[in-house]
Amino acid sequence: MLTRLRDAELRTPSDGPVATLFRGGMPDGELRDVEYLLPSQLLVFLGGLQEPGHACGVTFHGLSTRPEQMARVKDDPSLLGRAVVEGLRWMSPLYGGASRTAVTDTTLGGQQIRGGDHIWLIYGSANADEGEFDDPLTYDLDRARHPNLAFGLGRHACIGSAYAPQVARIALEELFRAAPGIRLDPQRPPDPVGWMFRGSRELHTVRG
Ligand code: HEM
């Protein structure tokens with residue numbers, strides 16, 4: 001796709017985001033190579049687009065399980081920030097997509113881990129830990145504030161953790177402004193799937 005975009009930009013220079021991608025900061029008439037752009041574009045597509053999209057989806061889905069909470073959020077958009085945090089806890093989009101290699105023998109949660117062992121970090125499961133959260137499988141806007149691991153922790157924590165929830169918050173605010181009666185289509189309920197990335201591929205809605 002990037003190659004096709006580059007060819008088109010070469011033939012007919014544009015003046016939007018595609019032009020910025022290929023020409024921004026380059027000497028006049030020169031275009032950036034696709035190979036140079038690939039790693040950052042992967043980040044933009046996965047982190048920048050797919051994941052904030054999942055954040056909107058899981059929040060909408062979670063709120064839909066609590067119609068009274070959905071109504072409050074629509075009436076008072078200042079609750080949306082909290083609604084998104086709880087959505088990301090309730091159905092963490094980066095569910096089990098991270099791994100580490102232990103550098104030394106250790107014991108964690110009663111489990112022996114040997115140096116060199118490969119470990120999957122199941123953030124979605126941690127966010128449903130009954131020892132940390134009451135009734136963890138229930139979406140609850142009024143849950144007492146509690147840190148969760150939707151964005152990971154430590155050295156490799158997500159660099160988009162401040163940005164992505166704001167994208168989701170603003171997108172949902174605009175959605176509810178444009179279509180205040182919007183709700184899930186009862187005929188086609190969400191069907192979230194995924195081990196590494198989790199979320200509904202499609203959310204069918206009716207305008208209400
Ligand atoms: C709701 C949206 C998002 C979720 C749920 C999410 C989740 C995560 C998680 C759990 C990690 C930690 C992975 C690990 O422990 O190895 C991570 C890492 C990362 N995320 Fe995100 N992310 C989101 C949005 C974004 C955005 C918008 C960007 C950038 C534009 C981004 C870029 C990254 C990068 C570069 C890392 C790797 C950091 C490192 O290894 O040092 N993410 N993300």
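The predicted model contains 7 helices and 6 strands. Along the sequence, these elements follow the order α-α-α-α-α-β-β-β-β-α-α-β-β. The C-alpha atoms occupy a box of roughly 60 × 55 × 30 Å along the principal axes. Of the 208 residues in the protein, 31% count as buried. Among contacts with a separation of 6 or more, 57% link residues 24 or more positions apart.

A good place to start is helix H3, which spans residues 34-64. With its 31 residues, H3 reaches 42 Å from the first C-alpha to the last, close to the 45 Å expected at 1.5 Å a residue. The helix also carries a kink of about 35 degrees, centred on serine 40.

H3 is one of the elements that build the largest nonpolar core, a set of 23 residues. Two or more core residues come from each of H3, helix H4 (67-75), helix H5 (80-90) and helix H7. Phe60, Val73, Ala83, Leu172 and Phe176 have the most contacts inside this core. For readers who wish to trace the packing around one of them, valine 73 is in contact with Leu63, Leu79, Leu80, Ala83, Leu141 and Phe176, once its neighbours within four places in sequence are left aside. Apart from this core lies another, of 5 residues, including Phe22, Leu31, Val34 and Leu37.

Two residues with polar side chains deserve a closer look. Arginine 6, found in helix H1 (residues 2-11), has a relative accessible area of 18% and is therefore buried, the limit being under 20%. Beyond residues up to four places away in sequence, arginine 6 touches Phe22, Leu31, Arg32, Asp33 and Val34. Of these, Phe22, Leu31 and Val34 are also listed in the 5-residue core. A polar atom of the arginine 6 side chain lies 3.1 Å from the backbone oxygen of leucine 31.

Histidine 61 lies in helix H3. Its relative accessible area is 11%, so histidine 61 is likewise buried. Not counting residues up to four places away in sequence, histidine 61 touches Trp90, Met91, Leu184, Pro190, Pro192 and Ser200.

Finally, the model includes a ligand with an iron atom. The protein supplies a single donor to this iron, the SG atom of Cys158, at 2.3 Å. Cysteine 158 sits in the loop between helix H6 (123-126) and helix H7 (163-178). Helix H7, which follows that loop, is also among the elements that give two or more residues to the largest core.

Key. Residues are numbered from 1 along each chain as its sequence is written. This is a predicted model: local features need pLDDT of at least 70, side-chain atom pairs count only at pLDDT 80 or more; totals for chains, interfaces and linings use all residues. Side-chain values use heavy atoms; hydrogens and water are left out. Donors are N, O and S atoms within 2.8 Å of the metal (3.2 Å for Na, K and Ca); water is not among the atoms, so sites may look incomplete. Helices (H or I, at least four residues) and strands (E, at least two) are DSSP runs, numbered from the N terminus. A nonpolar core is a set of buried Ala, Val, Leu, Ile, Met, Phe, Trp, Tyr and Cys residues joined through side-chain atoms within 4.5 Å. Buried means under 20% relative accessible area, exposed over 50%, partly exposed in between (1.4 Å probe, protein chains only). Contact means heavy atoms within 4.5 Å. The expected span of a helix is 1.5 Å times one less than its number of residues. The bend at a residue is the angle between axes fitted to the seven residues ending there and the seven starting there. A polar contact is a pair of N or O atoms within 3.5 Å; within protein, one must be able to donate a hydrogen and the other to accept it, and residues adjacent in sequence count only if both atoms are side-chain atoms.
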